[in-house]
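Reader: I am new to this structure and would like to know what stands behind the terms used for it. Please take them one at a time.

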Amino acid sequence: MTSPLRTLRDRAKRSRHHVVLPEGTDPRVQDAAGRAVADGMARVTLLAPEGTALPDGVALRDPGRADPDTMIDAYLEARAKRHPTRDDAAAAVADPLTHAALMVRRGLADGTIGGAVSTTSDIVRAALQMIGTAPGAPLVSSFFLMVLPDTYPTRPGGAMIFSDCGLVIDPDAGQLAAIAHQAAASARALLGTQPKVAMLSFSTRGSAHHMAVNKVIDALEIARATADFAIDGELQFDAAFDADVGASKAPGSDVAGQANVLIFPNLDAGNIGYKIAQRIGGCTAIGPVLQGLAKPANDLSRGCTSDDILDMIAVTSAQIDASKGKTP
């Protein structure tokens, strides 16, 4: 069985999209950029001061010097409602995160990835301000691509989407339904498979009663009304993931026991859940990947490795393909 991450890297080679990495002085970022170019996965621009030594084939752009007048004009257009001064704009476009997101807005790059050094809040702020939300998207959320170990007995090397594990703290029912739709679209774009979406809770089909459970039930009904994918809830994790438990707790469900998209009721549950799967379960976790933006911009963990960045380049490439209407 081919690894989902290997598949994504191979897909990236066929497209060779242009990705800008704003943290160009970080050794992990430089190494991943060089490998991505050498493997033919992407065209890569690193943002760093002029004179920075970079791997062969990687382009350098100094955000403090590159195309200042045009970048300032683009910033003023993006932030017109805030009425920034030209001096404010000049300072803003010299910031690598803002500069990278503005490059994507202007079509100078297809996507951007940061977070090896910067915080998630800084990455998301730059993306929202410069790129904005996709038409019709009620919010921006995130997911982790989780890949099970090859030795896992029932789904060896299988891939799943966990959402939202990195951004929306306490979504209401409508927001939770929107996250389910966004995560289902992400599963199609990345995994090339039909989503089977489980709305997770500490209850399965009425086994417990609480306001927190009611939110998940309401979210399910909102999401199901317009869903073109299989979705069920409320389900406990074991009922969503394990075939025997799913058959026992939720008989007749077309999701229970076979879910490949897990929607967590809040950020507490999602963040804790993905870290347990990663640290104890041995899953590979790629993310947080942002969904709901007009163009791809993604985050990294500050503890990321060069391999993690390379995999995020592959994930971002798949999102770019999806934004251009290309299917796996």
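Author: Helices and strands here are DSSP runs, at least four residues for a helix and at least two for a strand, numbered from the N terminus. With that, Arg16 can be placed in the loop between α1 (4-15) and β1 (18-21). The model is a predicted one.

Reader: Why is Arg16 called partly exposed?

Author: Buried means under 20% relative accessible area, exposed means over 50%, and partly exposed is in between. Arg16 has a relative accessible area of 36%, so Arg16 is partly exposed. The backbone of Arg16 has a positive phi of about 50 degrees, although Arg16 is not a glycine.

Reader: Which other residue that is not a glycine has a positive phi, near 55 degrees?

Author: His83 has that value. His83 sits in the loop between α3 (68-78) and α4 (86-93).

Reader: Is His83 buried or exposed, and how do you know?

Author: The relative accessibility of His83 is 67%, and the cut-off for exposed is over 50%, so His83 counts as exposed.

Reader: What is the class of Lys326, and what makes it so?

Author: Lys326 has 40% relative accessibility, which falls between the limits of 20% and 50%, so Lys326 counts as partly exposed. Lys326 belongs to the segment after α12 (306-323).

Reader: How do you know that Lys326 makes a polar contact with Ser15?

Author: A polar contact needs a pair of N or O atoms within 3.5 Å. The side chains of Lys326 and Ser15 make such a contact at 3.2 Å, so the distance meets the cut-off. Leaving aside residues up to four places away in sequence, Lys326 touches Ser15 and Asp321. The C-alpha atoms of Lys326 and Ala185 are 13 Å apart, with the two positions 141 residues apart along the chain.

Reader: What makes the nonpolar surface patch?

Author: Ile272, Ile276 and Ile280 make the patch, about 330 Å² in area. Patch residues must have over 30% relative accessible area. Ile280 has 72%, so Ile280 meets that condition and, being over 50%, is also exposed. Ile280 lies in the loop between α11 (267-279) and β10 (284-291).

Reader: Where are the cis peptide bonds joining Gly233 and Gly287 to their partners?

Author: One joins Gly233 and Glu234, with omega about -15 degrees, and Glu234 is in strand β8 (residues 230-235). Another joins Gly287 and Pro288, with omega about 5 degrees, and Pro288 is in strand β10.

Note on methods: Residues are numbered from 1 along each chain as its sequence is written. This is a predicted model: local features need pLDDT of at least 70, side-chain atom pairs count only at pLDDT 80 or more; totals for chains, interfaces and linings use all residues. Side-chain values use heavy atoms; hydrogens and water are left out. Patches are made of residues with over 30% relative accessible area and no salt bridge: like charges are joined within 9 Å, nonpolar side chains (Val, Leu, Ile, Met, Phe, Trp, Tyr) within 5 Å. Accessible areas come from the Shrake-Rupley method with a 1.4 Å probe; for residues, only the protein chains shown count as cover. A salt bridge is a side-chain nitrogen of Lys or Arg within 4 Å of a carboxyl oxygen of Asp or Glu. Buried means under 20% relative accessible area, exposed over 50%, partly exposed in between (1.4 Å probe, protein chains only). Contact means heavy atoms within 4.5 Å. A polar contact is a pair of N or O atoms within 3.5 Å; within protein, one must be able to donate a hydrogen and the other to accept it, and residues adjacent in sequence count only if both atoms are side-chain atoms.
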